[in-house]
Amino acid sequence: MHPTLLNVKDIENVFDREVLCEIADDKAYFRNRKSLLVADDTRSEVKESFASMAHIIQNRMRRREGPHIIYATSALRGEGKTNVVANLAIQLSDLENHVLMVDLDMRNPNLKNLFLKNIDYDHSLNALYAGDITENEAITSLTGYLDILPTVYEKSAIPLDSSLFGV
């Protein structure tokens with residue numbers, strides 16, 4: 001086995017997971033820091049990739065009951081987790097799926113920056129975890145189908161343990 005993954009088939013074989021979609025590598029698109037909720041009529045390979053992924057996920061979700069949880073993670077900073085979550089969430093909500101984005105990046109929470117100008121502690125995962133507010137107070141509605149539970153940076157980050165997830 002190579003010390004690195006060389007292609008999509010390696011991911012499927014090594015991790016025994018199916019790759020649903022590959023997102024086009026368009027650095028200019030991902031450098032764009034404007035709100036993703038602003039209407040943009042330009043067609044791009046990246047947008048089409050996210051739309052395709054959303055349709056695939058929606059079809060898979062129909063097969064199972066209950067809430068569906070999708071995680072985006074990586075080993076390194078700057079690999080695009082936030083952009084992937086944001087773009088996929090928008091595409092899923094455009095298909096009239098109710099989507100709640102939760103920013104669990106405690107050291108560098110950036111999801112809120114793509115959607116909101118300002119967010120304070122009183123409307124954050126931090127305050128919810130501390131018991132200072134209710135779930136409804138913590139969640140910010142962006143559209144009829146898209147909500148966000150942002151995190152604010154704190155020096156003493158929230159521990160990512162089972163109590164955070166109610167387990």
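**A small sheet, its helix and the core**

Thr140 stands opposite Ile148, a residue of strand β3. In this predicted model, that pairing belongs to the contact between β2 and β3 (residues 146-149), where 2 bridges join the strands and the two run antiparallel. Strands of a sheet pair through backbone hydrogen bonds, and they can do so either parallel or antiparallel. Here the whole sheet is open and has 3 strands, set out in the order β1-β3-β2, with mixed pairing. At its edges sit β1 (99-102) and β2 (140-141), each pairing on one side only.

Helix α4 (residues 81-94) packs on this sheet, where it touches β1 and β3, and its direction makes about 170° with that of β1. The helix has 14 residues and reaches 20 Å from first C-alpha to last, close to the 20 Å expected at 1.5 Å a residue. Quite a list of its residues is buried, including Asn83, Ala86, Leu88, Ile90 and Leu92. Just after α4 comes Glu96, with a positive phi near 65°.

What about the nonpolar residues? In soluble globular proteins, nonpolar side chains tend to be buried together. The largest nonpolar core of this model has 20 residues, and among those touching the most other members are Leu88, Leu92, Met101 and Phe115, along with Leu142, Leu146 and Ile148. At least two residues of this core come from each of α3 (45-61), α4, β1 and β3, with α3 giving the most, 6 residues. Met101 makes a handy example: leaving aside residues up to four places away in sequence, Met101 touches Val85, Ala86 and Ala89, then Leu111 and Phe115, and also Leu142, Leu146, Asp147, Ile148 and Leu149. There is also a second, separate core of 6 residues, which includes Met106, Ile133, Ala138 and Leu149.

Turning to charges, side chains of opposite charge can pair when their charged atoms come close. A search of the whole structure turns up 1 salt bridge. Glu12 forms this bridge with Lys9, and their closest N and O atoms are 3.0 Å apart. Both residues lie in helix α1 (residues 8-15), where they are 3 residues apart, about one turn of the helix. An α-helix has 3.6 residues a turn, so residues three or four places apart point the same way. Is each partner buried or exposed? Glu12 counts as buried because its relative accessibility is 19%, and buried means under 20%. Lys9, on the other hand, is exposed, because its relative accessible area is 53%, and exposed means over 50%.

Notes: Residues are numbered from 1 along each chain as its sequence is written. This is a predicted model: local features need pLDDT of at least 70, side-chain atom pairs count only at pLDDT 80 or more; totals for chains, interfaces and linings use all residues. Side-chain values use heavy atoms; hydrogens and water are left out. Two strands pair if DSSP finds at least two bridges between them. Helices (H or I, at least four residues) and strands (E, at least two) are DSSP runs, numbered from the N terminus. Contact means heavy atoms within 4.5 Å. Axes are lines fitted to C-alpha atoms, for helices over the stretch in contact, and angles run from 0 to 180 degrees between N-to-C directions. The expected span of a helix is 1.5 Å times one less than its number of residues. Buried means under 20% relative accessible area, exposed over 50%, partly exposed in between (1.4 Å probe, protein chains only). A nonpolar core is a set of buried Ala, Val, Leu, Ile, Met, Phe, Trp, Tyr and Cys residues joined through side-chain atoms within 4.5 Å. A salt bridge is a side-chain nitrogen of Lys or Arg within 4 Å of a carboxyl oxygen of Asp or Glu.
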